[in-house]
Amino acid sequence: LAHRPGFSQWYCCDSMGACHRERAIACLEALDRLKIVPCNGAEHRVFFYDDMPRQPLSYECARYVLFYAFVMLSANTDAESSGDADEYARRLERDLPQVNEKNRAALSLIHI
């Protein structure tokens, strides 16, 4: 789960398909109920990406999580100047499919 507070948007990226959707919704409900982060109501939107690629080796999941974070931050940087919440969602739709094994080697070269 990733939160973009400026636009009241949540993103759930799951390589296991929709099987974790109920767990993500339960987490969002708990965050809202405990008043940690508001995530309920018409102004909040949740985007589910249930077809994210899965890493080929079970121990490389952290690399993929970092890859997703990099793509989300990049989309945020590009869309932030426009102030358009829908532009960010469009950029994610375009860029999240780039998280795959073919492109993982290039991500590994980035030093933060």
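How much space lies in the largest pocket? About 590 Å³. The model behind this value is predicted.

## Overall build

The protein has four helices and three strands. Read from the N terminus, the elements follow the order β-β-α-β-α-α-α. The chain holds 112 residues, and 32% of them are buried.

Contacts reach far along the sequence. Take the contacts between residues at least 6 apart: 66% of them join residues at least 24 apart. The exposed area of the protein is about 7200 Å². Carbon and sulfur atoms supply 57% of that area.

## The largest pocket

The lining of the largest pocket counts 26 residues. Nearest its centre lie Leu1, Ala2, Tyr11, Cys13 and Tyr68. Four elements give two or more residues to this lining: strand 1 (2-4), strand 2 (9-13), helix 1 (21-33) and helix 2 (61-80).

Which element gives the largest share of the lining? Helix 2 does, with nine residues. By class, the lining has 16 nonpolar residues, six polar ones and four charged ones.

## The aromatic pair

The protein has one aromatic pair. Two values describe such a pair: the distance of the ring centres and the angle of the planes. Here the partners are Tyr11 and Phe47. Their ring centres lie 5.1 Å apart, and their planes meet at 10°. Planes under 30 degrees apart count as stacked, so the pair of Tyr11 and Phe47 is stacked.

Where in the chain do Tyr11 and Phe47 sit? Tyr11 is in strand 2, and Phe47 is in strand 3 (residues 45-49). The two are 36 residues apart, so the pair links distant parts of the chain. Both Tyr11 and Phe47 are buried. Tyr11 also has a place at the pocket, among the residues nearest its centre.

## Asn76 in helix 2

Asn76 belongs to helix 2, the element with the largest share of the pocket lining. Is Asn76 buried or partly exposed? Its relative accessibility is 22%. Buried means under 20%, so Asn76 counts as partly exposed.

Which residues does Asn76 touch, leaving aside neighbours within four places in sequence? The contacts are Arg4 and Tyr88. Arg4 falls within strand 1 (2-4). Asn76 and Arg91 are 15 residues apart along the chain, and their C-alpha atoms are separated by 8.5 Å.

Technical notes:
Residues are numbered from 1 along each chain as its sequence is written. This is a predicted model: local features need pLDDT of at least 70, side-chain atom pairs count only at pLDDT 80 or more; totals for chains, interfaces and linings use all residues. Side-chain values use heavy atoms; hydrogens and water are left out. On a 1 Å grid over the protein atoms alone, a cavity is a set of points where a 1.4 Å probe fits but cannot get out, and a pocket is an open set with protein on both sides within 12 Å along at least five of seven lines; lining residues have an atom within 4 Å of a point. Grid points are joined across faces, edges and corners, and a volume is the space filled by probe spheres set on the points. Ala, Val, Leu, Ile, Met, Phe, Trp, Tyr, Cys and Pro count as nonpolar, Asp, Glu, Lys and Arg as charged, and the others, Gly among them, as polar. Buried means under 20% relative accessible area, exposed over 50%, partly exposed in between (1.4 Å probe, protein chains only). Contact means heavy atoms within 4.5 Å. Accessible areas come from the Shrake-Rupley method with a 1.4 Å probe; for residues, only the protein chains shown count as cover. Rings of Phe, Tyr and Trp (its six-membered ring) pair if their centres lie within 6.5 Å; planes under 30 degrees apart count as stacked, over 60 as edge-to-face and the rest as tilted.
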